[in-house]
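Here is a friendly walk through one protein chain, from its overall surface down to single residues. Have a look at the sequence and the model first, then read on.

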Amino acid sequence: MSASTQKSPRSYFDWNATAPLAPGVSEAVVAALTLPGNPSSNHREGRQAQALLDSSREAVADVLGAGTLDVVFTSGGTEANHLGLMGLARCGKGAVLVSPAVHPSLLAAAWRAGTEGDGCVLSPVHEDGRLVLSRAEALLSEHRPSVLGISMANHELGSVEDVEALSCLCQSAGCLLFCDAVQAVGRVPIETLVDLVDGLSMSAHKVGGPKGVGALWLRPGPAVESLVGGGRQEAGRRPGTQAVALIAGFAEACRSVAGRLADAPRQAVLRDRLAAGLEALGAILHSSGAGLCNTVNVRFPGVPGDLLVTGLDLAGFAISTGSACSSGTTEPSGVLTGIGLSKEQAMEAVRLSIGPTTQMEEVQSLLEVLGPILERAKRFC
Ligand SMILES: Cc1ncc(COP(=O)(O)O)c(C=O)c1O
């Protein structure tokens, strides 16, 4: 290979957008692809596919400490948020209360559910994106919503909600609680979550599984109806032939969750080094050390975030300006404007998120190359 075609090593700092595949996942997907049967069919091939579906459901339920009957496979976190939040809201028909700092998919589900019920109310958040508990309590008593929608871990800021306190508030107010756990799985312990909430969402590709598959867990009780019509798959809650191969990959990724959790303290050390180094280069931190072990969100005043993303990309580092689903838009992140940043400040934000394979040397290298990139960007602006 000539020097000009040689690939330079890349460092990946965008684990919140998607995580690289966990060990064994691609093998599990490929093996499942060779199974010919439809899991709903009553013959040997069908039963083989069904058996794989059953063991995969067990692996996902194990992560939650939940029963398998309550796990519904979906096409990802976006669908799980819609099916869960809209389904719970339809059980009550009241208003929907939601944090403005949640992922756009949960916010969209809340608005849609609100139009079917008594509207959607936004509950104010602190500057780290967590709900202000006293305000949530007041809104619960004022609006008597049927459901509150939250994200356990914020995808842009990395802050982690006090789910236990919110669960108590909801129980006192007779309100159901739906929790987007997509960014929390494998980063914070979640095995008590099923005792605190009425529904939660997960997405495979945030824990090293394939893209395009996820799960919804629902507390037995509320009769959540499917959003589309069709067959009786997933106990009628999600019609359509299951994506058996992707689900097998999701299950394999779930088997790595304990190891990912064990690595969290190591990642927190890297996160703190990264945050301190960025601050030393003039960054204003939007995230705090109290949140997710892997997420740093900052802005460099006067420097547009997308210039830094491009500069670092050319230097071999993948970072992002915010959630991947909003990249390419000229609108600022709703999460960042929701915590009180101006449009200009929000457009300066960058998110760096790490994972189990990130090394301290990569953090050091990023900080070294960032100085000159910032200098060039400032001259350009
Ligand atoms: C907190 C959160 N919820 C939901 C989603 C959507 O998940 P998916 O990409 O599987 O639809 C994401 C993806 O970025 C997310 O970060």
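The accessible surface of the chain is about 16,100 Å², and carbon and sulfur atoms hold 54% of that area; such areas come from the Shrake-Rupley method with a 1.4 Å probe, and for residues only the protein chains shown count as cover. The model is a predicted one, in which local features need pLDDT of at least 70 and side-chain atom pairs count only at pLDDT 80 or more, while totals for chains, interfaces and linings use all residues. Residues are numbered from 1 along each chain as its sequence is written, and side-chain values use heavy atoms, leaving out hydrogens and water.

Of the 381 residues, 55% count as buried. Here buried means under 20% relative accessible area, exposed means over 50%, and partly exposed is in between (1.4 Å probe, protein chains only).

Now for the overall build. The chain has a radius of gyration of 21 Å, which agrees with the value near 21 Å for a compact globule of 381 residues; the radius is taken over C-alpha atoms, and the globule rule is 2.2 Å times the number of residues to the power 0.38. Along the principal axes, the C-alpha atoms fill a box of roughly 65 × 60 × 35 Å. Among contacts with a separation of 6 or more, 71% join residues 24 or more positions apart, where contact means heavy atoms within 4.5 Å.

The secondary structure comes to 14 helices and 12 strands. These are DSSP runs numbered from the N terminus: helices are H or I with at least four residues, strands E with at least two.

Helix H4 (residues 104-116) makes a good close-up. Its end C-alpha atoms are 19 Å apart, which agrees with the 18 Å expected for 13 residues at 1.5 Å a residue; the expected span is 1.5 Å times one less than the number of residues. Its buried residues are Ser105, Leu106, Ala109, Ala110, Ala113 and Gly114. Their cover includes helix H3 (77-92) and strands S3 (96-98), S4 (120-122), S5 (147-151) and S6 (176-180).

Two single residues are set side by side below.

| Residue | Element | Relative accessibility |
|---|---|---|
| Glutamate 27 | helix H1 (residues 25-33) | 52%, exposed |
| Asparagine 297 | strand S10 (residues 295-299) | 0%, buried |

Glutamate 27 is 64 residues from cysteine 91 in sequence and 40 Å from it in space, C-alpha to C-alpha. Leaving aside residues up to four places away in sequence, asparagine 297 touches several residues, including Glu156, Leu157, His286 and Arg351.
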